[in-house]
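Work through the following exercises with the structure open beside you, and try each task yourself before you read its solution.

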Amino acid sequence: MDQLLQHLLNATVLGGTYALLGIGLTLIFGIMRVVNFTHGELYAFGAYCMYLLVMSLNVNFFLAFFLAVALGAALGGAIEILLLNRLRGADIDTTMLVMIGAWIVMQNAEQLTWSGIALSINSPFPADPLVVGPVSVSWNRIYVFAVAIVLIGATYYFVNRTRLGKAMRATFQDRDTAALMGIQINRIHTATFALGSSLAAAAGALLGPVFVVTPTMGDLAASKAFAIVILGGLGNVVGATVGGFILAFAEEIGAGYISSGYRDAMGFVLIILILLMRPTGLFAQKERIG
Amino acid sequence: MSRLLSFVLVAGLASVPLWLRDFYVLHVLITTGIFIIAAMSLNLLLGFTGQLSLGHVAFFGIGAYTSALVSLGFEIHVLPDVTVGLAPKPVWFAMVTGIVVAGLTGYAIGKLSFRVRGAYFVIVSISFAEVVRLVAVNWVELTQGPMALNNIPALTLGIGPIELSFLRKPSFYLLVLAAMVVCYIIIMRLVNSRAGRAMIALRENESLAMSVGIDVTRYLVIATIVSAAMAGMAGALYTHYIRIVDPDIFLFIYTVTMVIMVITGGKGTLTGPLVGGALFGILPEVLRAMAIRPEVQWIIYGVLMVLVVYFLPEGIVPAIKRSLAGWKRRPIDAL
Amino acid sequence: MKKIATLAAAGLLAGSAFSGAVAQETIKIGVTQPLTGAFAASGNYVAQGAKIAEDEINKAGGVLGKQIQLIIEDNKSNPTEAVSTVEKLIQKDKVPVLIGAWSSTLTLAVMPKLEEYQVPMIVETSSSGKITTSGNPYIFRISPTSEMEAKAFQPLVSKMGIKKANFLYTNNDFGIGSGAEYSKMLKANGVEIGVMETMDPKATDFSAQLAKIKATGGDTLFVTTAVEQLTLILKQAEEQQLKVKIVSCGGSNSPDQLIEQAGAAANGSFHTAFFPPWFPEVTKNPDVAKRYMNEWKKRGHNVGGLTEGFRGYDGVFVAVAAIKAAGKADPEAIRKALWGVTVKGIYGDIHFTKQGPAGKESGQNLPVVYLVTIDNGKVVRTKF
């Protein structure tokens with residue numbers, strides 16, 4: 001029983017970060033239809049920013065987080081303007097290829113700058129975990145969970161209740177009409193990509209101190225993010241949040257009770273099963289064909 | 001491309017082992033050729049039917065593993081005391097089995113995944129490749145998992161008293177070249193046939209195609225079977241050339257490489273994968289020879305890729321076609 | 001104008017003669033390592049160690065009257081690329097001997113090529129038993145196999161009072177091999193085996209596995225993986241209040257890096273090492289170890305890499321010893337000579353014994369294995 005409680009606690013905490021990764025990507029992949037292979041790199045970028053700010057420049061831990069997120073947004077915006085703007089009308093796989101190229105360049109630039117050696121970031125939290133009866137969790141992870149929930153709530157509010165959010169949704173549902181209504185399409189594209197990227201950077205900045213920072217850390221994070229986006233339905237923030245928690249629970253329970261070898265396959269197995277039964281994910285509308 | 005031109009090109013390529021003494025360059029040509037075959041097969045799905053399959057390496061790997069296992073022989077326990085085994089078979093038989101199994105897997109996946117489209121299909125294809133990789137890693141009794149299947153025999157063909165061994169590079173190069181030509185012809189025939197026209201119709205506008213009575217799923221499945229079988233053949237060639245196979249064959253970077261070759265070359269064209277494949281297959285070795293830091297080599301590779309797609313979003317071959325057409329003032333559509 | 005032309009021509013001639021002469025003066029040694037990709041950190045350490053050896057040997061006059069030249073290629077942590085690097089090194093650079101390829105998968109991938117071209121390779125890190133038992137007479141391994149490591153650990157089992165052991169290892173040849181050998185050894189010594197958990201080599205969260213391990217009530221946890229995951233395991237074991245003895249195996253564990261990154265969570269953990277830079281005086285050849293360590297620190301390399309860089313260092317010295325014994329830079333002569341060399345290296349007194357099917361044996365060295373403990377932020381010899 002204790003083991004189960006610990007698994008559930010682990011899954012809840014993990015789910016928060018997975019959800020954060022997922023909603024960033026669901027905005028980009030789901031709404032903008034860009035197969036964003038740089039999402040994992042923005043995650044790594046957020047972590048490396050934290051390392052640079054906290055360890056090399058001695059910036060306050062919490063201030064560094066805000067800076068890392070801001071830098072992530074800036075980088076995302078820059079990628080959109082430089083690389084995607086011109087390819088606005090191109091096919092999904094052409095933009096995907098540009099994203100792949102950017103992914104290769106970013107990952108190797110990180111290795112060039114910091115080498116492949118794992119880096120750790122000091123956090124101000126006590127090293128001893130919080131122990132509540134038979135289960136325990138580290139303070140750092142509680143902080144991560146709390147911030148993730150706040151960010152998720154903020155994103156949901158932003159996308160569904162603000163004018164800018166509405167403009168975003170309008171642009172990607174029907175670009176021409178949105179343009180006719182006076183929406184600045186180019187700015188919306190940049191803003192959406194920047195928002196999604198900033199969430200990925202936030203996830204990286206939160207998890208960098210929990211784990212270690214390496215140039216390849218984004219790859220696994222990105223594949224989970226894609227899985228979550230599909231589970232939750234393209235473009236659906238609530239869906240991605242739920243999807244993140246579902247994935248975390250599936251991994252924890254699967255690894256804990258079935259087989260740890262297949263732990264990271266849980267997500268993919270889930271996707272295949274769910275998509276076979278509900279071809280549009282758990283929440284989304286039916287995908288228009290053609 | 002006119003018949004004469006293609007014949008001259010193939011003959012020229014076939015003569016390479018006669019005058020090229022540098023086995024390293026021959027090795028690069030062989031591995032590039034194998035990946036070009038895989039890229040051509042991906043082009044069938046990606047370019048002609050418009051389905052972005054990012055799990056293509058799964059078929060490549062299944063072909064490789066099947067061929068390796070059949071040529072080495074294996075024994076597994078299906079129940080605690082019931083074993084199923086296979087004695088080692090000749091390599092050509094193993095390769096054919098690899099192609100068939102890959103094709104069958106394509107059929108199964110095609111039937112299942114084409115209930116979804118677009119972005120969902122992309123993810124399902126990635127998931128499928130990942131699950132196959134994890135099976136290869138964890139089903140140690142069959143695949144040896146990460147401990148790898150090694151000492152895989154090379155291909156030898158015995159025709160009566162003559163025995164041809166494909167261990168040495170020149171002969172293997174010719175084998176790969178032959179396979180490439182065969183695949184090209186198969187794809188060309190398929191694309192120009194009725195099935196091919198149906199596929200192009202569904203790429204352009206699926207709902208419209210359905211509305212005129214084209215059985216979309218059926219043609220997608222045909223394309224997937226052919227595509228998967230071809231990728232499986234590339235995998236079988238790979239495994240009998242490198243002569244070791246382990247779950248690293250399912251690395252996502254291989255799918256990425258194939259995708260790069262197809263899209264930069266020009267998806268939906270017949271020669272696109274050849275051009276893109278030649279360029280991005282040989283480029284890493286050119287960069288390696290330039291004595292630059294390894295990370296910088298990768299960065300240059302990535303930048304070049306982005307530049308090609310940025311300035312020629314439809315690919316190199318369509319861009320060449322357009323400039324040639326403008327130059328000659330008549331359409332060229334056989335490329 | 002004519003004067004300039006003549007000067008230029010003379011300069012060119014002199015230059016080409018000079019470079020021609022210089023080119024003749026080097027004996028090339030090929031090195032294939034993962035310099036980018038998943039294993040980049042370790043591959044770069046090995047390359048750095050190899051370069052230290054290269055400079056040391058050249059300063060002392062080289063070998064056979066010529067300087068040695070390492071040609072280091074990046075195999076990108078990818079088996080196909082590993083084969084390409086070996087092809088390039090053998091065909092283009094015409095190296096008579098190789099060192100590589102770091103991981104067992106990469107080494108296995110290049111083995112058929114070694115046999116095809118008949119060039120020997122010194123294996124500096126790989127641990128899979130298959131490498132020396134596949135019947136490839138061109139393989140000479142100086143690193144220990146997991147089996148040898150487990151055997152060396154045997155006398156410590158009762159000393160440590162291990163009654164029930166659990167395993168957590170990374171799901172690749174390195175982790176699986178180590179887990180298999182250690183559990184076999186433990187079972188043979190009367191230890192109960194609890195669970196054998198695995199993790200993906202790229203995973204960063206092991207909470208599920210650790211919770212499961214905690215629930216079994218074992219007293220010792222054997223972990224085999226690289227230092228990045230080990231850091232996280234130590235931290236997460238602390239988070240989950242897993243109060244057991246943790247022993248890390250495999251030699252890719254870099255205790256210095258663990259102390260730096262896992263902090264207090266690393267205290268009390270045990271680690272097997274094939275080279276203890278914290279007390280080099282206990283090694284078989286302390287003066288060699290100290291030379292290597294001093295140069296490493298002088299070059300400003302990461303101290304955490306000492307435990308991996310030495311593999312490249314020893315590899316180069318073994319290659320050079322064989323070249324010297326062979327009397328010429330010829331692959332077959334070097335291969336024959338490798339059987340007879342004895343090198344005072346950091347791995348110990350390196351020499352090769354026969355392993356594998358008769359008639360096609362590979363060479364295997366028998367290095368020393370040490371056990372260290374992290375105590376209060378310092379690495380000490382394990383005391384019983």
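**Exercise 1.** Which residues does B:Ala58 touch, not counting residues up to four places away in sequence? Decide also whether B:Ala58 is buried or exposed.

*Solution.* This is a predicted model, and the steps below should be read with that in mind. Begin by locating the residue: B:Ala58 lies in helix H3 of chain B, which covers residues 57–72. Once residues up to four places away in sequence are set aside, B:Ala58 touches B:Phe128, B:Ala129, B:Val132 and B:Phe250. Next, consider its surroundings: 31 other C-beta atoms lie within 10 Å of B:Ala58, and because a residue counts as buried at 20 or more, B:Ala58 is buried. Finally, compare sequence with space for one further pair: B:Ala58 and B:Ala102 are 44 residues apart in sequence, while their C-alpha atoms are 8.7 Å apart.

**Exercise 2.** Find how many residues of chain A are in contact with chain C, and describe the side that chain A contributes.

*Solution.* First take the totals: 32 residues of chain A are in contact with 33 residues of chain C. Then look for the elements of chain A that give two or more residues to this side, which are helices H1 (2–31), H4 (92–114), H9 (217–232) and H10 (237–258), together with strand E2 (135–137). Of these, H1(A) gives the most, with five residues. Lastly, sort the residues on the side of chain A that touches chain C by character, which yields eleven nonpolar, 16 polar and five charged.

**Exercise 3.** In what order do the strands of the seven-stranded open sheet of chain C lie, and which strands stand at its edges?

*Solution.* Reading across the sheet, the order is E2-E1-E3-E4-E5-E14-E13, and the pairing is mixed. Strand E2 (67–74) and strand E13 (353–355) of chain C each have a single partner strand, so one side of each is left without a neighbour in the sheet, and these two stand at the edges. From one strand to the next, the twist averages 25°. As a closer look at one pairing, strands E1 (residues 26–33) and E3 (residues 98–100) of chain C run parallel and are joined by two bridges; C:Gly30 has C:Leu98 as its bridge partner in E3(C).

**Exercise 4.** Into which domains is chain C divided, and how many residues does each give to the contact?

*Solution.* Chain C is divided into domain 1 (26–144 + 286–364) and domain 2 (148–273). The contact takes twelve residues from domain 1 of chain C and eleven residues from domain 2 of chain C. On the domain 1 side, helix H4 (104–117) and helix H13 (306–326) of chain C each supply at least two residues.

Note on methods: Residues numbered from 1 in each chain as written. Chains lettered and ligands numbered in written order. Predicted model: local features only at pLDDT ≥ 70, side-chain atom pairs only at ≥ 80, totals over all residues. Helix = DSSP H or I, 4+ residues; strand = E, 2+ residues; numbered from the N terminus. Buried ≥ 20, exposed ≤ 12 C-beta atoms within 10 Å, placed from the backbone. Contact = placed C-beta atoms within 7 Å. Nonpolar A, V, L, I, M, F, W, Y, C, P; charged D, E, K, R; others polar. Pairing = 2+ DSSP bridges. Axes fitted to C-alpha atoms, helices over the stretch in contact; angles between N-to-C directions. Domains from an automatic or database assignment.
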